[in-house]
Amino acid sequence: FGGMLFGHLLATMFLLGAVYLLIDDDVSTRRLVASGLLAGAAVAAEYPTAVAVVVVVLFVFWKVRLRAGWFIAGGLPAAALLGIYHTIAFGSPLAHPYRYNVFSGVVADQKEILSEFSSLQFGNLARIFFSGRGFLVASPIVIIGLVGAATLIYRRRGNERALAVMTLGVFLALLGIPLFWGNPFGGFSPGPRYMTAALPLLAFGVVAAWRWRPVLTKFAVSLSIVTMGLAVLTNPLVDSYGPGGLGTWLGLAAEGTFVDSVFTMWLGAWGWLVHGIAVALCGYSLYGAWRSRGDFHMYPTGDSVV
């Protein structure tokens, strides 16, 4: 999900890094500062990520109590740089840049900055989950991650439960953005792009589901790879208000309509060979990571999930 011309993917990388540094039961001061720095960078890269960072801050306060001040301190440089940028670009460190944004062909009125996000639309919930590009249809691994996280909350205690609560909290916080917007997918995206930052954190739930329901989880993972792979190979940009999604991508694939990539632009049909080699190398790397998972501290031996 997300477009390369937006900050969703960069913000996602920063947020995932921030959470990763907080996984251990005993988090050092150095990790708290680094995690705060990454969380601040996530907000600077994509402003709506701030609602997810609020949830992470609550998790940090639960985990380390007053030492959470180090996390806050780590985020100050990003806040300072953002304030400088706002002052230069908009005249004030507290200026709201969205008032200068142009979307839907209309310049947002300065007195109604959030006019496009003014009313709760429950119909968007069905579109986000059940439409042709909804989570259940196009990315069922998301559903597995949510169920796995909920199961962790029920079955676990302490740090593992808190991680699962934080994961669901981030997901629900970012879910609020498309629920208040007329176009829940944020344009032509293959999914709700403003929720991109929440998706990698569902890995905690996926790992739990993989252990408890391996067959179902493997099926969901395989289906998600196929559907999102079709989107990338054909045309991930679908009509903002149409059903789009899986049906569109299957139709384009059946017609043999595939998008050009950098490789195919340079090499023509031979570019697909480069793609194949790249996929094979990635698969080999993932297999190697899986074989060495016992040495990776997130996946110790035993029944623990994180």
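This is a tour of a predicted model, one selection at a time.

**Before you start**

Residues are numbered from 1 along each chain as its sequence is written. In this predicted model, local features need pLDDT of at least 70, side-chain atom pairs count only at pLDDT 80 or more, totals for chains, interfaces and linings use all residues, and side-chain values use heavy atoms, with hydrogens and water left out.

**Whole protein**

Show everything as a cartoon. The protein has 13 helices and 2 strands. These elements are DSSP runs numbered from the N terminus: helices are H or I with at least four residues, strands are E with at least two. Of the 306 residues, 42% count as buried. Buried means under 20% relative accessible area, exposed over 50%, and partly exposed in between, with a 1.4 Å probe and protein chains only. Now consider contacts, meaning heavy atoms within 4.5 Å. Among those between residues at least 6 apart in sequence, 68% join residues at least 24 apart.

**Stop 1: helix α1**

Select residues 8-20. The end C-alpha atoms of α1 are 18 Å apart, which agrees with the 18 Å that its 13 residues should span at 1.5 Å a residue. The expected span is 1.5 Å times one less than the number of residues. Next, show the side chains of H8, A11, T12, L15, A18 and V19, which are buried. Look down the axis: these buried residues fall within an arc of 125°, so they line one face of α1. The arc is that of the directions from the helix axis to the C-beta atoms. Add α2 (29-45), α3 (50-64), α8 (158-179) and α9 (203-212); the buried residues of α1 pack against these helices.

**Stop 2: α2 against α4**

Keep α2 and add α4, residues 68-90. Their axes come within 6 Å and cross at roughly 30°. Axes are lines fitted to C-alpha atoms, for helices over the stretch in contact, and angles run from 0 to 180 degrees between N-to-C directions. The crossing is right-handed: the near helix is turned clockwise from the far one by less than a right angle. On the α2 side, the contact includes T29, L32, V33 and G36. On the α4 side, W70, F71, G74 and G75 are among the residues. The contact residues divide into 11 nonpolar, 6 polar and no charged. Ala, Val, Leu, Ile, Met, Phe, Trp, Tyr, Cys and Pro count as nonpolar, Asp, Glu, Lys and Arg as charged, and the others, Gly among them, as polar.

Zoom to G36 in α2. G36 is buried, with a relative accessible area of 2%. Leaving out residues up to four places away in sequence, G36 touches F71, G74 and G75. Put a distance label from G36 to A73: their C-alpha atoms are separated by 7.0 Å, at 37 residues apart along the chain.

**Stop 3: T167**

Move to T167 in helix α8. At 0% relative accessibility, T167 counts as buried. Beyond residues up to four places away in sequence, T167 touches L201, L202 and F204.

**Stop 4: helix α11**

Select residues 246-255, which form α11. Its buried residues are L246, W249 and L252. They cover an arc of only 130° around the axis, which puts them on the same side of α11. Add α6 (135-138) and α10 (214-233), against which the buried residues of α11 pack. Rotate to the other side of α11, where G247, A254 and E255 are exposed. G247 has a relative accessible area of 52%. From G247 to T227, C-alpha to C-alpha, is 9.9 Å, across 20 residues in sequence. End at G256, just after α11, with a positive phi of about 75°.
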